[in-house]
Amino acid sequence: MFEVGEYVVHGNNGVCKVESIQNMEMGNKTRKYYTLVPLYAPGSKLFVPTDSKKVITRAVMTKEEATDLMAEWDDIETLTVDNDKNREDIYKAALRSCDTRQWVKLIKTSYQRNQDRLSNGKKVTTSDERYLHMAEDNLFGELAIPLKMSKGEAEAYFVAKITKKK
């Protein structure tokens with residue numbers, strides 16, 4: 001169970017701070033709930049059962065895990081999309097997984113696809129752009145916490161680290 005004041009990643013809401021934990025009555029049932037405040041959506045609050053299995057809620061990565069992720073960037077494969085009709089479902093699943101490596105795969109896949117399309121004189125698809133930005137927001141928003149930076153600073157730091165290796 002998470003503690004009040006802890007940062008967690010909750011589904012597609014990204015990084016949230018646990019504001020409180022309390023019992024709430026829903027219908028004739030009392031359950032324990034987290035009150036989560038999404039870090040990058042000021043004014044929002046989420047009430048999530050502490051025992052919920054529907055949406056993944058996990059601890060934010062540590063600084064060591066963030067460093068490891070940057071070191072592994074080149075070794076992380078892209079997503080396999082055999083059929084363009086399934087692309088959006090594959091992207092959604094990667095986002096919903098709350099797995100930073102899946103987000104990296106999505107970023108790499110979408111970025112590579114965008115570059116290929118542009119080099120062939122085609123436009124970038126709205127779908128690829130949308131999912132690329134969502135994965136980047138999730139990843140850089142989370143990296144900002146253990147690195148003690150803003151989301152923008154975390155992105156610049158991450159990009160500098162992975163391009164420096166090449």
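Two strands are counted as paired if DSSP finds at least two bridges between them. In this predicted model, strand β1 (residues 7-10) and strand β2 (residues 15-26) are joined by three bridges and run antiparallel. One point of this pairing involves Val9, whose bridge partner in β2 is Val15.

The pair belongs to an open sheet of five strands, arranged in the order β4-β3-β2-β1-β5 with antiparallel pairing. The edges are occupied by β4 (46-49) and β5 (57-59); each has a single partner strand, so one side of each is left without a neighbour in the sheet. From one strand to the next, the twist averages 45°.

The sheet is also met by a helix. Helix α4 (residues 126-147) lies across β1, β2 and β5, and its direction makes an angle of about 100° with β2.

A further helix, α2, spans residues 87-96. Its buried residues are Arg87, Tyr91, Ala94 and Leu95. These four residues lie on the same side of α2, because they cover an arc of only 100° around the axis. Such an arrangement follows a general rule: an α-helix has 3.6 residues a turn, so residues three or four places apart point the same way. The buried residues of α2 pack against two helices, α3 (100-119) and α4. Helix α4 therefore takes part in both settings, as it lies across strands of the sheet and is packed against by the buried residues of α2. After α2 comes Cys98, which has a positive phi, near 60°.

How values were computed: Residues are numbered from 1 along each chain as its sequence is written. This is a predicted model: local features need pLDDT of at least 70, side-chain atom pairs count only at pLDDT 80 or more; totals for chains, interfaces and linings use all residues. Side-chain values use heavy atoms; hydrogens and water are left out. Axes are lines fitted to C-alpha atoms, for helices over the stretch in contact, and angles run from 0 to 180 degrees between N-to-C directions. Contact means heavy atoms within 4.5 Å. Buried means under 20% relative accessible area, exposed over 50%, partly exposed in between (1.4 Å probe, protein chains only). The arc is that of the directions from the helix axis to the C-beta atoms.
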